[in-house]
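Here are some friendly questions and answers about how the labels on a model follow from its numbers. Have a look at the structure first, and then we can reason it through together.

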Amino acid sequence: MDNTLRIAVQKSGRLSEKSLNIIRDCGIDFGCDGRVLRERAANFPIEFLYVRDDDIPTYVKDGVADIGIVGRNEYDEKGYQLEVVRDLKFAACRLSIAVPHDFDYKGLESLEGKRIATSYPNILMSILSAKGISATPVVVSGSVEITVQVGIADCICDIVSTGTTLKMNGLKEVEPIYWSTAVMIARQNFLSDEKEKAEIFARLLERMDALMLAKNKKYVLFNLPAERLNEAAEIIGGMKSPTVTPLMDKDWVSVQSVVGEDRFWSVFEKLRSIGAEGILVLNIEKMTE
Ligand code: PRT
Ligand code: ZN
């Protein structure tokens, strides 16, 4: 068994670019010219398998790949016992019930006895049966929206992100039932059974975590009257040890800290109100806890 970590990623589609960008941002060099289906990285023991997203959970389950990046919807639909190692938080979408405009929808109970077209029968049926509703899935692998017009289904359960496709096909989203983002999956046993591969994977994860942690965080530097330092520490919060540097003028200090982007503007305004000046905000590329 060679010690190369094999990762299955989508060949071309909504997940491809972001999946590969994550790996690339981990400092891993590869060509990816779109024609090769299998490729080794130049500077890290990892091999890429470029495949259809539907096949990724199966490849990981069968050991063709060790890990994979796939939509949680595809993973849950297959129902294999794999490990979801990280939520990568991109390709967000939901599975929703959508009905034609003349369908009198009053809640999931309205689906009793109906024909529902979907590419995700297992997810749909498990949600409906948990509510005691029985319906007939009409399984199609694409163009789900057309099934109502052509008369093979009463309504649909499909992936929605903006909702434009449903509108264009005369359907109305009435109830989201499931939410998905891209996840990294791994075979449960390989981490314990294949020590060297597990070590390579741990190195990859450490790099990925450094990227994920840095995402949405800002490095903030500012000057502050020294007497307001405690207030500043409280405003920023969560700082173990704010870096505080004395300035030539002894009444002032320079402070440096990391702030989550979601809190940035409220922190900024509060810092201004206690006299912070020269606030400088920088993006963080990578960081560790
Ligand atoms: O060829 P391959 O089998 O690899 O690709 P695919 O065509 O099966 O998948 P792809 O690339 O379309 O989607 C891959 C994954 O992206 C899905 O499994 C989801 O996890 C995620 N994702 C995120 C989406 C969407 N957003 C999305 N909007 N997958 C599909 N859609 C489709 C949806 O099916 C519908 O037709 O987009 C349409 C709706 O979009 P809106 O924006 O009009 O609502
Ligand atoms: Zn697919």
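Q: What share of the contacts in the chain between residues at least 6 apart in sequence join residues at least 24 apart?
A: In this predicted model, the share is 68%. A contact here means heavy atoms within 4.5 Å. Ala-98 and Leu-166 give an example: they are 68 residues apart along the chain, with C-alpha atoms separated by 7.6 Å, and Leu-166 is among the residues in contact with Ala-98.

Q: Why is Ala-98 called buried?
A: The label needs a relative accessible area under 20%, and Ala-98 has 0%, so it is buried. Ala-98 sits in strand β6 (residues 93-100). Its contacts, leaving aside neighbours within four places in sequence, are Cys-155, Ile-156, Leu-166, Leu-171, Lys-172, Glu-173 and Val-174.

Q: What makes Thr-118 a buried residue?
A: Thr-118 has a relative accessible area of 0%; the limit is under 20%, so the label buried follows. Strand β7 (residues 115-118) is the place of Thr-118. Beyond neighbours within four places in sequence, Thr-118 is in contact with residues including Leu-124, Val-138, Val-140 and Cys-157. Across the chain, buried residues make up 44% of the 289 residues.

Q: Why does Val-244 count as partly exposed?
A: Its relative accessibility is 34%. Buried would need under 20% and exposed over 50%, so Val-244 falls in between and counts as partly exposed. Val-244 lies in strand β13 (residues 243-246) and touches Leu-229, Val-253 and Ser-254, not counting residues up to four places away in sequence. From Val-244 to Leu-229 it is 8.9 Å, C-alpha to C-alpha, with their positions 15 residues apart in sequence.

Q: Why is the site of the zinc ion (ligand 2) called irregular?
A: The site has 4 donor atoms, with angles of 75 to 176 degrees among them. For a tetrahedral label, all angles must lie between 85 and 135 degrees. The range of 75 to 176 degrees goes outside those bounds, so tetrahedral is ruled out, and the site is classed as irregular.

Q: How do you know which residues are the protein donors of the zinc ion (ligand 2)?
A: Donors are N, O and S atoms within 2.8 Å of the metal. Asp-53 (OD) and Asp-54 (OD) lie 1.9 to 2.0 Å from the zinc ion, so they qualify.

Q: Are these two aspartates buried or partly exposed, and why?
A: Asp-53, at 16%, is under the 20% limit and so is buried. Asp-54, at 25%, lies between 20% and 50%, so it is partly exposed.

Q: What is notable about phi in Ala-91?
A: Ala-91 has a positive phi of about 55 degrees although it is not a glycine. Ala-91 lies in the loop between β5 (83-87) and β6, and it is partly exposed because its 29% lies between the 20% and 50% limits.

Q: What makes Ser-143 exposed?
A: Exposed means over 50%, and Ser-143 has a relative accessible area of 53%, so the label applies. Ser-143 is found in the loop between β8 (136-139) and β9 (155-160), and its phi is near 45 degrees, a positive value in a residue other than glycine.

Q: How does the radius of gyration of the chain compare with that of a compact globule of 289 residues?
A: The globule would have a radius near 19 Å, but the chain has 25 Å. The C-alpha trace spans about 80 × 55 × 35 Å along its principal axes.

Note on methods. Residues are numbered from 1 along each chain as its sequence is written. Chains are lettered from A and ligands numbered from 1 in the order in which they are written. This is a predicted model: local features need pLDDT of at least 70, side-chain atom pairs count only at pLDDT 80 or more; totals for chains, interfaces and linings use all residues. Side-chain values use heavy atoms; hydrogens and water are left out. Donors are N, O and S atoms within 2.8 Å of the metal (3.2 Å for Na, K and Ca); water is not among the atoms, so sites may look incomplete. Four donors count as tetrahedral if all angles lie between 85 and 135 degrees; four count as square planar and six as octahedral if opposite donors are over 155 degrees apart and all others between 65 and 115; anything else is irregular. Buried means under 20% relative accessible area, exposed over 50%, partly exposed in between (1.4 Å probe, protein chains only). The radius of gyration is taken over C-alpha atoms; the globule rule is 2.2 Å times the number of residues to the power 0.38. Helices (H or I, at least four residues) and strands (E, at least two) are DSSP runs, numbered from the N terminus.
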